[in-house]
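Hello,

Here is the structure I promised to pass on to you, and below it you will find what turned up when I went through it. Please keep it open beside this email while you read.

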Amino acid sequence: MRPSRFRHFAAIDWSGAAGERHRGIALAICGEGGAAPQLVRPGHRWSRPEVLAWLREDLPADTLVGMDLGISLAFADRGAFFPGWAESPADAKALWALIDAVCEDEPHLSVGAFVDHPEASAHFRRHGGREGAAFGGGRGRFRVTELAQQAMGCTPYSNFNLVGAAQVGKSSLSGMRVLHRLAGQLPVWPIDPLPEVGSVVCEIYTTIAAMAAGRSAGRSKIRDGLELDAALARLGSAPVGLTGAVDDHTSDALVTAAWLRTVAHEPALWAPAGLTVEIEATEGWTFGAT
């Protein structure tokens, strides 16, 4: 990959919460060089369909887009997403299509119909003490890339776990509906090959970006303007200049956009050791997990 491959770098802090508009969604973008990243539509409370529309219609050319969600579910550990279910998809793209089809009548790109599906629900841990018989106990099932995150010092959560403030399962499933609807318009690395030109979507884990900016995994959330600018400075970025309290969704997006700019040219991050042809097609990978 050429170092000058991308000209813009965007990070999307995502949300799978119920409802139409979400404080938990933030978009930030920066160009080449050292200028500070900027929020897209600052102060706007985004809906998930609006983010999809922005990706389709307003994304600048040659943008590397990082989305803070899991782009697939664990497959390699059991040889299937949903062992024992005859309709278990064979790869990530078929998984996205299945989720979107089951949830086609749900507004706001929600996924309640899928997590409550008679077959799929057996594999999830849901609210109200409802742990499916196939969930597997403990922290749940992990993808190979999530085990790589753990080896880096992060604390990943299983995408089959839908319980708790730190769970990422619902946001990942709703994000998969978006990825399905981007088919043919934006490639999603590594499930799609990295093209020579054009924009690309990848999965990000904002803790990895925060660690590169000098934060520990346990202190990855930044909620103060001065600390935000200090983190950006570690990434070679000019300050944003916010003062006082800053919500962590905003800071996650801003820091991660700046981080993507600093590392997008590194060939090793596009060819991590654990990324096999089978993992590319089924589980995908988190950009920056080594």
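Before we look at a particular loop, one term is needed: helices (H or I, at least four residues) and strands (E, at least two) are DSSP runs, numbered from the N terminus. Please also bear in mind that this is a predicted model.

With that term in hand, we can place Pro 190, which lies in the loop between H5 and S9. A cis peptide bond joins Pro 190 to Trp 189, with omega at about 0°. This is worth a second look, because most peptide bonds are trans, just as most residues other than glycine have a negative phi.

Two residues depart from that second tendency. Arg 41, in the loop between S4 and S5, is not a glycine, and yet its phi is positive, near 55°. Leu 109, which is placed in the loop between helix H2 (92-102) and helix H3 (112-115), is not a glycine either and has a positive phi of about 55°. Is each of them buried or exposed, or something in between? Arg 41 is partly exposed, with a relative accessible area of 37%, whereas Leu 109 counts as buried because its relative accessibility is 5%, and buried means under 20%.

Next, the sheet. Five strands make up an open sheet with mixed pairing, and their order is S4-S3-S1-S6-S9. Strand S4 (38-39) and S9 are the edge strands, each of them pairing on one side only. In general, strands of a sheet pair through backbone hydrogen bonds, either parallel or antiparallel. Both senses can be found here: S1 and S6 pair in the parallel sense over six bridges, while S1 and S3 pair in the antiparallel sense, also over six bridges. If you would like residues to find on the screen, Asp 13 stands opposite Asp 68 in S6, and Ile 12 stands opposite Leu 27 in S3.

S3 deserves some attention of its own, since five of its six residues are buried, which leaves the strand mostly covered. Its pairing with S4 is antiparallel and spans two bridges, with Ile 29 opposite Gln 38 in S4. S3 and S4 form a hairpin that has six residues between the strands, and in its turn Gly 33 has a positive phi of about 95°.

Helix H1 (residues 48-57) comes next, and its buried residues are Arg 48, Glu 50, Val 51, Leu 52, Trp 54 and Leu 55. What covers these buried residues of H1? Among the elements that do so are strand S1 (8-13), strand S3 (26-31), strand S6 (63-68) and helix H5 (169-181). As a general point to keep in mind when you look down a helix, an α-helix has 3.6 residues a turn, so residues three or four places apart point the same way.

A single residue that repays patience is Tyr 205, found in the loop between strand S9 (200-203) and helix H6 (206-212). Tyr 205 is buried because its relative accessible area is 18%, and the limit for that word is under 20%. Leaving aside residues up to four places away in sequence, Tyr 205 touches Asp 68, Gln 149, Cys 154, Thr 155, Pro 156 and Thr 286. In one case we can be more specific, as the side chain of Tyr 205 reaches the backbone oxygen of Thr 155 at 3.3 Å. Tyr 205 and Gly 70 are 135 residues apart in sequence, yet from C-alpha to C-alpha they are 8.6 Å apart in space.

Finally, the pockets. The largest pocket holds about 850 Å³ of space, and of the 38 residues that line it, Asp 68, Ala 166, Gln 167, Val 168 and Lys 221 are the closest to its centre. Helix H4 (144-151), H5, H6 and helix H8 (248-263) each supply at least two residues of that lining, which by class has 12 nonpolar, 17 polar and nine charged residues.

The second largest pocket holds about 250 Å³, and of its 16 lining residues the closest to the centre are Arg 23, Ile 25, Gly 43, His 44 and Thr 250. S3 and H8 each supply at least two residues of this lining, in which seven residues are nonpolar, five polar and four charged.

Best wishes

Key. Residues are numbered from 1 along each chain as its sequence is written. This is a predicted model: local features need pLDDT of at least 70, side-chain atom pairs count only at pLDDT 80 or more; totals for chains, interfaces and linings use all residues. Side-chain values use heavy atoms; hydrogens and water are left out. Buried means under 20% relative accessible area, exposed over 50%, partly exposed in between (1.4 Å probe, protein chains only). Contact means heavy atoms within 4.5 Å. A polar contact is a pair of N or O atoms within 3.5 Å; within protein, one must be able to donate a hydrogen and the other to accept it, and residues adjacent in sequence count only if both atoms are side-chain atoms. On a 1 Å grid over the protein atoms alone, a cavity is a set of points where a 1.4 Å probe fits but cannot get out, and a pocket is an open set with protein on both sides within 12 Å along at least five of seven lines; lining residues have an atom within 4 Å of a point. Grid points are joined across faces, edges and corners, and a volume is the space filled by probe spheres set on the points. Ala, Val, Leu, Ile, Met, Phe, Trp, Tyr, Cys and Pro count as nonpolar, Asp, Glu, Lys and Arg as charged, and the others, Gly among them, as polar. Two strands pair if DSSP finds at least two bridges between them.
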